Amino acid sequence: MVGGGVVGAAAALALGRAGLRTALLEQSQPPPFDPQGETDLRVFAVNRASQRLFERLDVWPEMLVRGVSPYEAMEVWDARSPGRIRFEAADVGEPDLGHIIENRVIQSTLWDALDEAGVECLCPATLAHLEILPDAAHADLEDGRRVTASLVVGADGARSRVRTLVGIGVNSTRYGQRAVVANVTTERHNEATAWQRFLPTGPLAFLPLADGRSSIVWSTDTEDAERLVGLGEDAFRAELAAAFEYRLGAVTATGPRASFPLAGSQALQYVRSRVALVGDAAHTVHPLAGQGANLGFADVTALVRAIGERPGDPGALRGLRAYERVRRGENWVMMRAMEGFSALFGSRLSPVEMARGLGLNLVDRLPPVKHGFLRRALGDLKG
Ligand SMILES: Cc1cc2nc3c(=O)[nH]c(=O)nc-3n(C[C@H](O)[C@H](O)[C@H](O)COP(=O)(O)OP(=O)(O)OC[C@H]3O[C@@H](n4cnc5c(N)ncnc54)[C@H](O)[C@@H]3O)c2cc1C
């Protein structure tokens with residue numbers, strides 16, 4: 001396994017638990033979990049399917065101890081039309097719609113379970129070269145060590161070296177936007193609700209943290225994002241609260257701010273003989289539906305299943321192709337849906353605006369359609 005981010009660590013643990021001899025190569029050791037530590041700027045809206053994976057890997061109870069924030073409702077509205085939609089967990093008989101979890105909670109919990117699952121961690125270890133032979137793959141590290149395996153899994157993020165080294169191309173869409181992230185305190189509690197307002201420049205999301213604060217993801221044009229990150233504290237708070245229509249009152253405090261470029265990408269293949277790509281190495285999507293890491297965890301489930309169904313040689317192309325068939329189409333649909341959604345809400349054309357307002361209100365009043373959306377967002381609910 002090359003890369004020990006949340007997806008690579010989950011994949012290494014799943015393969016280790018499945019009885020495969022697994023080594024994890026990671027270039028930088030994640031810090032040990034500190035309960036008093038600062039809340040991560042990167043938080044994930046973890047859906048039910050990802051939660052089930054963590055339960056199967058027996059790490060969910062420890063994640064609950066380290067801190068997760070269940071959210072019971074999701075509300076989306078539009079700045080330039082009367083469109084509004086609200087989803088409630090109770091409508092589909094669920095206790096919650098998912099959990100907001102910090103990157104450091106997921107990553108540290110998975111890492112802490114690796115040893116007991118027999119996964120060997122080589123860290124720090126940076127992959128430099130790959131030699132792919134018909135019956136084995138050799139991974140050469142920058143420090144001169146060599147690891148030989150029947151399968152190399154590239155979980156090394158959006159700029160995957162594994163992908164480049166085996167010559168897999170990538171289809172990318174640059175949105176010309178960045179996402180500004182920060183953890184903020186508002187006058188009122190977050191109501192255990194994930195909020196999203198579509199502004200002409202892009203979506204602004206407030207994700208509920210367990211302590212009543214919110215983690216914001218504000219997608220906007222690159223120049224505007226740079227301006228927002230550079231604003232003085234008071235000016236930023238005022239602009240943020242206004243952009244969010246004071247839904248939770250004034251913004252009374254904000255932590256450090258950062259911004260990330262937004263890009264959608266899809267590797268042209270997910271597999272080669274003896275090589276598989278998972279997570280951001282295989283695909284990235286617009287963060288507007290908070291699906292990026294969830295798609296990576298779904299890759300992990302599908303890869304481990306495909307390998308398990310064909311015991312013997314985990315790097316054999318037949319099994320890997322089964323994984324690719326299951327995941328590539330699904331991820332492509334999500335990527336296109338996010339692009340369509342982003343274009344629809346980013347459009348300044350008035351007929352599009354009307355459709356947008358009508359669409360949200362219509363879906364809000366059609367329970368079967370609304371519940372269908374909800375089940376899909378949750379990941380794997382029956383019915
Ligand atoms: C603003 C923003 C908000 C987001 N919000 C959400 C959300 O709400 N929900 C959600 O599901 N997703 C969200 N995402 C997406 C999510 O962050 C990613 O999909 C997820 O982190 C991908 O995990 P990964 O393990 O595949 O890759 P990464 O987290 O990038 O990990 C890759 C790892 O590989 C290591 N590595 C790289 N190269 C090498 C090498 N040569 N040798 C050894 N190691 C190497 C790196 O050190 C790193 O640890 C968001 C993304 C952004 C930008």
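Modeller: A contact means heavy atoms within 4.5 Å. Keep in mind that this model is predicted.

Biologist: Of the contacts in the chain with a separation of 6 or more, what share comes from residues 24 or more positions apart?

Modeller: The chain has eleven helices and 20 strands. Take its contacts with a separation of 6 or more; the share from residues 24 or more positions apart is 73%.

Biologist: What percentage of the residues of the chain count as buried?

Modeller: Buried means under 20% relative accessible area. The chain exposes about 16,800 Å², with carbon and sulfur atoms supplying 54% of that area. Of its 383 residues, the buried share is 53%.

Biologist: Is Leu 320 buried or exposed?

Modeller: Leu 320 sits in helix H9. Beyond its sequence neighbours up to four places away, Leu 320 touches residues including Leu 151, Val 271, Leu 303 and Pro 314. Its relative accessible area is 1%, and the cut-off is under 20%, so Leu 320 is buried.

Biologist: How far apart are the C-alpha atoms of Leu 320 and Ala 302?

Modeller: Along the chain, these two residues are 18 apart. Between their C-alpha atoms, the separation is 9.8 Å.

Biologist: Which residue forms a salt bridge with Arg 321?

Modeller: The partner also lies in helix H9, three residues away, about one turn of the helix. Arg 321 is partly exposed at 38% relative accessibility, whereas its partner is buried at 12%. The closest N and O atoms are 3.8 Å apart, and the partner is Glu 324.

Biologist: Asp 211 forms a salt bridge with Arg 213; how far apart are the closest N and O atoms?

Modeller: Asp 211 is exposed, at 51% relative accessible area. Arg 213 is buried, at 19%. A salt bridge requires a side-chain nitrogen of Lys or Arg within 4 Å of a carboxyl oxygen of Asp or Glu. This pair qualifies, with its closest N and O atoms at 2.9 Å.

Biologist: Which residue meets Glu 309 in a salt bridge?

Modeller: Glu 309 counts as exposed, with 54% relative accessibility. Its partner is partly exposed, with 29% relative accessible area. The N to O distance is 4.0 Å, and the partner is Arg 310.

Biologist: How many salt bridges does a search of the whole structure find?

Modeller: Some are linked: Glu 75, Arg 84, Arg 86, Glu 88 and Arg 247 share a network of salt bridges. For the whole structure, the search gives 24.

Biologist: Which strands stand at the edges of the open sheet of three strands?

Modeller: The strand order is S2-S6-S3, with antiparallel pairing. An edge strand has a single partner, so one of its sides is left without a neighbour in the sheet. That describes S2 (43–46) and S3 (69–71).

Biologist: What is the bridge partner of Pro 70 in S6?

Modeller: S3 and S6 (residues 98–102) run antiparallel and are joined by three bridges. In S6, Pro 70 is matched by His 99.

Biologist: What angle does the direction of helix H4 make with that of S6?

Modeller: Helix H2 packs on the sheet and touches S2 and S6, at about 95° to the direction of S2. H4 (residues 103–114) also packs on the sheet and touches S2 and S6. Its angle with S6 is about 80°.

Biologist: Which residue caps the N-terminal end of H2?

Modeller: H2 covers residues 48–56, and its buried residues include Leu 53 and Phe 54. Just after H2, Asp 58 takes a positive phi of about 65°. At the N-terminal end, a side-chain oxygen lies 3.2 Å from the backbone nitrogen of Ala 49, and the capping residue is Asn 47.

Conventions. Residues numbered from 1 in each chain as written. Predicted model: local features only at pLDDT ≥ 70, side-chain atom pairs only at ≥ 80, totals over all residues. Heavy atoms only, no water. Buried < 20%, exposed > 50% of the residue type's maximum accessible area, 1.4 Å probe, protein only. Helix = DSSP H or I, 4+ residues; strand = E, 2+ residues; numbered from the N terminus. Areas by Shrake-Rupley, 256 points an atom, 1.4 Å probe, with all protein chains shown as cover. Polar contact = N/O pair within 3.5 Å; in protein donor to acceptor, adjacent residues only side chain to side chain. Pairing = 2+ DSSP bridges. Axes fitted to C-alpha atoms, helices over the stretch in contact; angles between N-to-C directions.
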